[in-house]
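Load the model and keep the sequence beside it. The tour below goes from the overall fold to strand pairing, then to single residues and charge pairs.

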Amino acid sequence: MKLTTALMTVAATLCISSLATAGDLDVGARYGRTIEQDGNNLEVAARYFPIPFLSLGASLGYANLRYDKGLYYKKADTMPLGGYANAHLPLIPFVKPYAGIGVLYYSVNNISSPNQLDRGEEHSGTMTVQGGADISLPLPKLSLNIEARRLINDRQTQLLGGIWFRF
């Protein structure tokens with residue numbers, strides 16, 4: 001009984017000590033792919049921890065996508081701007097999973113399409129659901145990040161990986 005209590009106390013201390021503290025700011029960059037379309041995603045992001053288990057973040061990105069429209073293909077340059085809220089759960093000291101929701105607004109410049117109606121600029125927005133994990137590195141204030149993000153209205157899934165710097 002005493003051993004179990006001691007082990008639980010040590011485990012809880014390790015988990016809590018690895019948490020972000022209130023007021024922490026992370027800045028990072030991520031690269032990834034959109035599964036349903038052929039294209040690459042690149043984004044820079046920042047997140048703020050008002051309390052240790054919650055982060056509020058924003059991202060600005062660029063994606064070059066290739067859409068299969070059935071009879072033809074269309075290429076588009078996309079500039080997404082997002083805002084997110086994530087709940088963080090420290091299970092292990094060096095792996096911190098999270099899940100959250102967000103919104104994404106983006107400007108699409110359709111650069112290549114044989115269909116005249118599919119050319120030009122358009123704007124759109126979507127809600128997102130995301131989940132991921134931060135993996136602490138031996139270097140102080142540096143962590144790797146992996147994330148899967150589902151764009152609800154667009155029926156797209158993004159897989160991203162990158163690096164965070166904590167200030």
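Helices (H or I, at least four residues) and strands (E, at least two) are DSSP runs, numbered from the N terminus. On that basis the protein has one helix and eight strands. Their order from the N terminus is α-β-β-β-β-β-β-β-β. This is a predicted model, in which local features need pLDDT of at least 70 and side-chain atom pairs count only at pLDDT 80 or more, while totals for chains, interfaces and linings use all residues. Residues are numbered from 1 along each chain as its sequence is written, and side-chain values use heavy atoms, with hydrogens and water left out.

Start with the global numbers. Buried means under 20% relative accessible area, exposed over 50%, and partly exposed in between (1.4 Å probe, protein chains only). Of the 167 residues, 38% count as buried. Accessible areas come from the Shrake-Rupley method with a 1.4 Å probe; for residues, only the protein chains shown count as cover. The accessible surface comes to about 9600 Å², and 70% of it belongs to carbon and sulfur atoms. A contact means heavy atoms within 4.5 Å. Among contacts with a separation of 6 or more, 52% are between residues 24 or more positions apart.

Now the strand pairing. Two strands pair if DSSP finds at least two bridges between them. Strand β5 (residues 95–112) runs antiparallel to strand β6 (residues 120–136), and 16 bridges join them. One of the bridge pairs sets V108 against E122 in β6. On to strand β7 (residues 142–151): β6 pairs with β7 in the antiparallel sense over nine bridges. There, I135 has L144 in β7 as its bridge partner. β6 and β7 form a hairpin, with five residues between them. K141 sits in that loop. Its phi is near 65°, a positive value in a residue other than glycine. K141 counts as exposed, at 56% relative accessibility.

Which strand holds G100? G100 lies in β5. It is buried, with a relative accessible area of 14%. The C-alpha atoms of G100 and N86 are separated by 4.0 Å, although the two are 14 residues apart along the chain. Beyond its neighbours within four places in sequence, G100 is in contact with A85, N86, T128, V129 and Q130.

T126 lies in β6 and is buried at 5% relative accessibility. Polar contacts come in here: pairs of N or O atoms within 3.5 Å, where within protein one must be able to donate a hydrogen and the other to accept it, and residues adjacent in sequence count only if both atoms are side-chain atoms. The side chain of T126 reaches the backbone nitrogen of I152 at 3.4 Å. A polar atom of that side chain also lies 2.9 Å from the backbone nitrogen of N153. In β7, look at R149. R149 is buried, at 2% relative accessibility. Its side chain makes a polar contact with the side chain of Y84 (3.4 Å). Contacts of R149 outside its sequence neighbourhood of four places include R30, E43, T128 and Q158.

Charge pairs come next. A salt bridge is a side-chain nitrogen of Lys or Arg within 4 Å of a carboxyl oxygen of Asp or Glu. By this rule the count is nine. R166 and D26 meet in one of these, at 2.7 Å, N to O. R166 is in strand β8 (residues 156–166) and D26 in strand β1 (residues 25–34), 140 residues apart. Burial differs across this pair: R166 is partly exposed, with a relative accessible area of 23%, whereas D26 is buried at 1%.

E147 forms a salt bridge with R30, the closest N and O atoms being 2.9 Å apart. E147 lies in β7 and R30 in β1, so the pair ties together parts that are 117 residues apart in sequence. Both E147 and R30 are buried.

The side chains of R47 and D134 also meet in a salt bridge (2.6 Å, N to O). R47 belongs to strand β2 (residues 38–51) and D134 to β6, 87 residues apart. R47 is buried at 4% relative accessible area, and D134 at 5%. Which residues share a network of salt bridges with R47? They are D24, D26, D134 and R166.
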